[in-house]
Amino acid sequence: ERNQRVNAPDAGHLGTPGERLEFEATITRVKAIDSQFGTKLVVSMRTPAGHELVTFTTGRGVSSNDAGKTFKIKGTIKAHTTYNGKSQTDLSRCAFKAIT
């Protein structure tokens with residue numbers, strides 16, 4: 001997965017900050033982080049067009065076992081950032097619905 005991400009062309013950012021979008025994406029990585037307020041998940045995902053996205057969530061509709069699965073996602077664009085030299089779109093208030 002890491003090699004695939006590094007070698008993939010940069011698809012740029014998705015949407016504009018503040019915009020609420022609905023799209024499909026494949027979960028590429030889920031990492032649990034424990035804090036004094038409970039467990040949060042860092043969810044990394046990729047759209048079919050190659051846009052890289054990330055969100056922090058408490059798990060509404062997604063779990064740490066969902067890497068590799070495709071979801072329909074509704075989320076608000078929080079910011080456009082760069083991670084390891086690639087464009088990344090940060091999302092907030094995401095809702096995940098598994099595509100069967």
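## Asn84 and Arg93

Asn84 has a relative accessibility of 60% and therefore counts as exposed, a class that begins over 50% relative accessible area, with buried meaning under 20% and partly exposed in between (1.4 Å probe, protein chains only). Asn84 sits in the loop between strand E4 (70-83) and strand E5 (86-98), where strands are DSSP runs of at least two residues, designated E and numbered from the N terminus. Its phi is near 50 degrees, a positive value in a residue other than glycine.

Arg93, by contrast, is placed in strand E5, and its phi is likewise positive, near 50 degrees, in a residue other than glycine. Arg93 is exposed, with a relative accessible area of 55%. Most residues other than glycine have a negative phi.

## The nonpolar core

The largest nonpolar core holds 17 residues, and those with the most contacts inside it are Phe23, Ile27, Val43, Met45, Ile73 and Phe96; such a core is a set of buried Ala, Val, Leu, Ile, Met, Phe, Trp, Tyr and Cys residues joined through side-chain atoms within 4.5 Å. At least two residues of this core come from each of strand E1 (20-35), strand E2 (38-46), E4 and E5, and E1 gives the most, with five residues.

Leaving aside neighbours within four places in sequence, Met45 is in contact (heavy atoms within 4.5 Å) with residues including Ala25, Ile27, Leu53, Val54, Ile73, Leu91 and Phe96.

## Basis of the values

The model is predicted, so local features need pLDDT of at least 70 and side-chain atom pairs count only at pLDDT 80 or more, whereas totals for chains, interfaces and linings use all residues. Residues are numbered from 1 along each chain as its sequence is written, and side-chain values use heavy atoms, with hydrogens and water left out.

How values were computed
Helices (H or I, at least four residues) and strands (E, at least two) are DSSP runs, numbered from the N terminus.
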